[in-house]
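Thanks for coming, everyone. I'd like to walk you through one structure today, so please have a look at it while I talk.

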Amino acid sequence: MPSLVSRLPRWWRWRALSRVKGPVQAARDLGVTIGEGCRIYSLQISSEWELLTIGDRVTVSSDVTFITHDGVGWLFPDEQGRRHYWLARIEIGDDVFVGAGTTIMPGVRIGNRCVVAAGSVVTRSVPDGSVVGGNPAKLIGTYDALGAKVAQWPTTREVAPGFKPELRR
């Protein structure tokens, strides 16, 4: 008889397993290839877990969605009534940060040393050393330039004074 956990939908299975085994091992158990030194805070995968590869030292923030297929083919059956499928791998390189609320579409490769800003929708592959953001995600900077800026931040937990400037009309 199958265990209770194995009868759960995969996403719930990941949540249950991650409480027991930790998020990285839970994802590996479900078919995701994950490197070393990763921090996985969410793992919403449409259905094909084995199509996702995550490199070393990657952070996947909360509410990140990986879409490995395009379901629109169900709207257009062929003459025999068969549905069309389009599946594609997603690959995340080494030393990558994926911000909260990001959606990564099928067939996207995010290179090494990249940052994806929170709330982005990544529809095209991202070259090594890039910082991208927006919907659809666009190049907004370089990893090295962002690293130089972050190096100016305090190394202790401090709340920044004031607020950012207002948007202009």
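What volume does the largest pocket have? Before I answer, please keep in mind that this is a predicted model. The volume of the largest pocket comes out at about 240 Å³.

Let's see what surrounds that space. Among the residues lining the largest pocket are Val115, Ala117, Val131, Ile140, Tyr143, Leu146 and Trp153. Two elements, strand 14 (138-142) and helix 3 (143-150), each supply at least two residues of this lining. Helix 3 has the largest share, with 5 residues. As for chemistry, the lining of the largest pocket has 9 nonpolar residues, 3 polar ones and no charged ones.

Now for the second largest pocket, which holds about 150 Å³ of space. It is lined by 11 residues, and those closest to its centre are Trp14, Arg15, Ser18, Tyr41 and Ser42. Which helix gives the most to this lining? That is helix 1 (residues 10-21), with 5 residues. Here the lining divides into 5 nonpolar, 3 polar and 3 charged residues, whereas the lining of the largest pocket has no charged residue. I also like where this second pocket sits with respect to the domains: domain 1 (1-30) and domain 2 (32-151) each provide at least three residues of its lining.

On to the sheets. Strands of a sheet pair through backbone hydrogen bonds, in either a parallel or an antiparallel way. One open sheet here has 4 strands in the order 3-6-9-12, with parallel pairing. Strand 3 (44-45) and strand 12 (121-122) are at its edges with a single partner strand each, so one side of each has no neighbour in the sheet. Inside that order, strand 6 (residues 65-66) pairs with strand 9 (residues 103-104) in the parallel sense over 2 bridges. If you want to find the spot on screen, look for Thr65, whose bridge partner in strand 9 is Thr103.

There is another open sheet of 4 strands, with the order 1-4-7-10, and its pairing is parallel too. Its edge strands are strand 1 (33-34) and strand 10, each of which pairs on one side only. Strand 1 and strand 4 (residues 52-54) are joined in the parallel sense over 2 bridges, and Thr33 has Thr53 as its bridge partner in strand 4.

That sheet leads us nicely to the charged pairs. How many salt bridges does a search of the whole structure find? The count is 7. One of them joins Arg109 to Glu91, with the closest N and O atoms 3.1 Å apart. This pair links distant parts of the chain, since Arg109 is in strand 10 (residues 109-110) and Glu91 in strand 7 (residues 90-92), 18 residues apart. Both ends are partly exposed: Arg109 has a relative accessible area of 33%, and Glu91 has 34%. Glu91 and Arg109 also belong to a network of salt bridges that takes in Asp128.

Elsewhere, Asp29 forms a salt bridge with Lys21, where the closest N and O atoms are 2.5 Å apart. Asp29 is partly exposed at 37%, and Lys21 is partly exposed at 45%. Finally, Asp78 pairs with Arg82 in a salt bridge, with the closest N and O atoms 2.7 Å apart. Is Asp78 buried or exposed? With a relative accessibility of 17%, Asp78 counts as buried.

That's my tour; I'm happy to go back to any part of it.

Notes: Residues numbered from 1 in each chain as written. Predicted model: local features only at pLDDT ≥ 70, side-chain atom pairs only at ≥ 80, totals over all residues. Heavy atoms only, no water. Salt bridge = Lys/Arg side-chain N within 4 Å of Asp/Glu carboxyl O. Buried < 20%, exposed > 50% of the residue type's maximum accessible area, 1.4 Å probe, protein only. Pairing = 2+ DSSP bridges. 1 Å grid on protein atoms, 1.4 Å probe; cavity = no way out; pocket = protein on both sides within 12 Å on 5 of 7 lines; lining within 4 Å. Points joined across faces, edges and corners; volume = space filled by probe spheres on them. Nonpolar A, V, L, I, M, F, W, Y, C, P; charged D, E, K, R; others polar. Domains from an automatic or database assignment.
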